[in-house]
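Let's take a walk through a protein model together. Have the picture open and follow along as we go.

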Amino acid sequence: MINFLHNFQPNATIFSYGSFNIYWYGLFMVSGIIAALAVSFKLAKYYEIDPNTLLDLSFWLIINGLIGARLYDVLLQFSYYLHNPLAILKIWQGGLAIHGAIIAGLLTVYFFSRRNKLSPWRLIA
């Protein structure tokens with residue numbers, strides 16, 4: 001009984017229907033995005049930021065965050081992807097780095113705030 005948690009290998013799949021799979025990692029990613037959006041909209045009222053502007057920003061943050069996370073992972077394992085360039089597109093096989101998502105998110109906020117004439121510090125805080 002003591003070795004139960006030491007040897008436990010959880011299943012990565014929540015459920016499957018044919019070739020369609022829902023994974024725990026994806027569920028947690030979507031839950032985190034929804035929670036962040038809920039908190040952001042609540043704070044937008046306090047800081048008097050237009051909800052439509054925040055919705056536009058969140059769209060670009062999600063897209064650029066995923067691209068940045070993948071790009072950072074590709075750069076970390078550059079020798080592998082140099083020999084397997086098509087594997088760069090296979091995001092479902094894993095390979096996202098949080099550092100790349102943070103860097104891409106900060107750059108997205110900076111350029112979005114410049115384009116919409118907003119303070120980036122107001123959007124980040």
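What covers the buried residues of helix H3? Helix H2 (24–46), helix H4 (78–83), helix H5 (98–115) and helix H6 (120–124) are included in that cover. Helices here are DSSP runs of H or I with at least four residues, numbered from the N terminus, and "buried" means under 20% relative accessible area, with exposed over 50% and partly exposed in between (1.4 Å probe, protein chains only).

Before going on, know that this is a predicted model, where local features need pLDDT of at least 70, side-chain atom pairs count only at pLDDT 80 or more, and totals for chains, interfaces and linings use all residues. Residues are numbered from 1 along each chain as its sequence is written, and side-chain values use heavy atoms, leaving out hydrogens and water.

Now look along H3, residues 51–76: at 1.5 Å a residue its 26 residues should span 38 Å (1.5 Å times one less than the number of residues), and its end C-alpha atoms, 36 Å apart, agree with that. Among its buried residues are Leu54, Leu57 and Asp73.

Leu54 and Leu57 also belong to the largest nonpolar core, along with Ala44, Ile49, Val109, Phe112 and Leu123. H3 and H5 are the elements giving two or more residues to this core. Such a core is a set of buried Ala, Val, Leu, Ile, Met, Phe, Trp, Tyr and Cys residues joined through side-chain atoms within 4.5 Å.

Back in H3, Asp73 counts as buried because its relative accessibility is 9%. Leaving out residues up to four places away in sequence, Asp73 touches Tyr81, Gly95, Leu96 and Ala97 (contact means heavy atoms within 4.5 Å).
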